[in-house]
Amino acid sequence: MRVLILSDIHANADALSTVLSSAGSVDAAWCLGDLVGYGPDPNECIAKIKELPNLVCLQGNHDAAATGHLALEGFNAEARASIEWLRGCLTDESRAFLETLEPHTVTNGVSMAHASPRQPMLEYLLDAYSAAQNFQYFENDFCFVGHTHVPLLFFSQDRGVTMQVPAPDTEVLLAPRCIANPGSVGQPRDRDPRAAYAIFDTERDTWNYARVPYDVEAVQGRMRTAGLPDRHVARLAGGW
Ligand code: ZN
């Protein structure tokens with residue numbers, strides 16, 4: 001089965017459309033959460049995600065905040081302003097979909113969590129030390145996570161845990177055990193503004209991570225029209 005792994009779409013419809021056409025035909029789509037927040041197109045993105053084949057979709061912290069299930073205190077002032085705008089424009093249908101989601105699950109023998117297996121809604125896995133502690137919090141060979149907006153792989157082998165920054169368009173064998181992050185579709189934070197995603201092959205256990213350019217300026221224009229924070233508009237162009 002060829003599975004599209006996508007995360008942190010953040011209401012960026014141009015990035016999402018570009019990823020979907022770049023990925024081509026897939027048997028399933030596993031979305032690791034944060035469909036909304038920051039971007040100008042929350043309802044459009046939810047509608048597109050809902051149509052994906054054999055969809056498994058997690059709830060991220062922004063999705064939980066959008067539906068009032070996570071207090072705004074944990075977010076900085078700009079993120080709060082953005083979430084308040086979002087709460088005002090979500091349709092009943094979109095809100096109902098976000099309400100059904102959970103922050104972690106197991107599908108096809110693969111664990112998935114929005115942030116980390118230890119703290120599915122909150123923890124940032126950006127270093128091998130934090131990742132090493134997390135291997136005891138899931139039982140499957142693989143765990144897929146998002147939340148950091150940075151594509152990374154962590155391998156746990158006899159000699160310890162190693163971190164790998166994957167090269168785009170390079171097939172990697174997910175030798176057990178492994179924690180894998182596909183990066184962010186709609187708001188990359190590794191200084192590369194291109195949308196990120198991965199293709200996971202369930203028979204061969206391979207991970208193919210990819211980057212695709214999209215029309216950043218069009219999204220920035222819609223963010224300005226919506227009155228979303230300037231800093232969030234600016235960061236899309238630099239990927240930070
Ligand atoms: Zn996110």
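Me: In which sense do strand S7 and strand S10 pair, and over how many bridges?
Reply: In this predicted model, strand S7 spans residues 152-157 and strand S10 spans residues 178-181. Phe-154 stands opposite Ile-179 in S10. The pairing of S7 with S10 is antiparallel, over 4 bridges.

Me: Which are the edge strands of the open sheet with the order S4-S5-S6-S10-S7-S8?
Reply: This open sheet has 6 strands with mixed pairing. Its neighbouring strands are turned by 15 degrees against each other on average, direction ignored. An edge strand pairs on one side only, and that applies to S4 (104-107) and S8 (160-164).

Me: Which strands are at the edges of the open sheet ordered S3-S2-S1-S11-S12-S9?
Reply: This open sheet also counts 6 strands, and its pairing is mixed. From one strand to the next, the twist averages 20 degrees. The strands that pair on one side only are S3 and S9 (171-173).

Me: Parallel or antiparallel: how does S1 pair with S2, and how with S11?
Reply: Strand S1 covers residues 2-6 and strand S2 residues 28-31. Leu-4 has Ala-29 in S2 as its bridge partner. For Val-3, the bridge partner in S11 is Phe-200. With S2 the sense is parallel, over 4 bridges; with S11 (residues 195-201) the sense is antiparallel, over 4 bridges.

Me: How many residues of S1 are buried?
Reply: Buried here means under 20% relative accessible area. S1 is mostly covered. The count of buried residues in S1 is 4 of 5.

Me: Which helix gives the largest share of the largest nonpolar core?
Reply: The largest nonpolar core has 37 residues. Leu-4, Leu-6, Ile-9, Leu-35, Ile-49, Leu-98 and Tyr-197 have the most contacts inside this core. The largest share is 5 residues, and they come from helix H1 (residues 13-23).

Me: How many residues are in the other core, the one that lies apart?
Reply: Ile-5, Ala-28, Trp-30 and Trp-207 are among its residues. This core lies apart from the largest one. Its residue count is 22.

Me: Which residues does Ile-49 contact, leaving aside neighbours within four places in sequence?
Reply: Ile-49 is one of the residues with the most contacts inside the largest nonpolar core. Its contacts beyond that sequence window are Leu-6, Ile-9, Leu-16, Cys-31, Leu-35, Leu-55 and Cys-57.

Me: What distance does helix H4 reach from its first C-alpha to its last?
Reply: H4 runs over residues 77-89, which is 13 residues. At 1.5 Å a residue, 18 Å is expected. The model comes close to that, with 19 Å.

Me: Why are the buried residues of H4 on the same side?
Reply: The buried residues are Ala-79, Ser-82, Ile-83 and Leu-86. An α-helix has 3.6 residues a turn, so residues three or four places apart point the same way. On the other side of H4, Ala-77 and Gly-88 are exposed. The buried residues share one side because they cover an arc of only 100 degrees around the axis.

Me: Which helices are included in what covers the buried residues of H4?
Reply: The residues to cover are Ala-79, Ser-82, Ile-83 and Leu-86. Their cover includes helix H2 (42-50), helix H3 (61-66) and helix H8 (230-238).

Me: What do the buried residues of H5 pack against?
Reply: In helix H5 (residues 92-99), Ser-94, Phe-97 and Leu-98 are buried. They fall within an arc of 95 degrees, so they line one face of the helix. The face turned away carries the exposed residues Asp-92 and Glu-93. The buried residues pack against H2, strand S3 (55-57) and H3.

Me: Is Gln-220 buried or exposed?
Reply: Gln-220 lies in helix H7 (residues 216-226). Beyond four places in sequence, Gln-220 touches Val-233, Ala-234, Leu-236 and Ala-237. The relative accessibility of Gln-220 is 9%, so this residue counts as buried.

Me: How far apart in space are Asn-76 and Leu-90, C-alpha to C-alpha?
Reply: Asn-76 is in the loop between H3 and H4. Asn-76 has a relative accessible area of 46%, so this residue is partly exposed. In sequence, Asn-76 and Leu-90 are 14 residues apart. In space, their separation is 21 Å.

Methods:
Residues are numbered from 1 along each chain as its sequence is written. This is a predicted model: local features need pLDDT of at least 70, side-chain atom pairs count only at pLDDT 80 or more; totals for chains, interfaces and linings use all residues. Side-chain values use heavy atoms; hydrogens and water are left out. Two strands pair if DSSP finds at least two bridges between them. Helices (H or I, at least four residues) and strands (E, at least two) are DSSP runs, numbered from the N terminus. Axes are lines fitted to C-alpha atoms, for helices over the stretch in contact, and angles run from 0 to 180 degrees between N-to-C directions. A nonpolar core is a set of buried Ala, Val, Leu, Ile, Met, Phe, Trp, Tyr and Cys residues joined through side-chain atoms within 4.5 Å. Buried means under 20% relative accessible area, exposed over 50%, partly exposed in between (1.4 Å probe, protein chains only). Contact means heavy atoms within 4.5 Å. The expected span of a helix is 1.5 Å times one less than its number of residues. The arc is that of the directions from the helix axis to the C-beta atoms.
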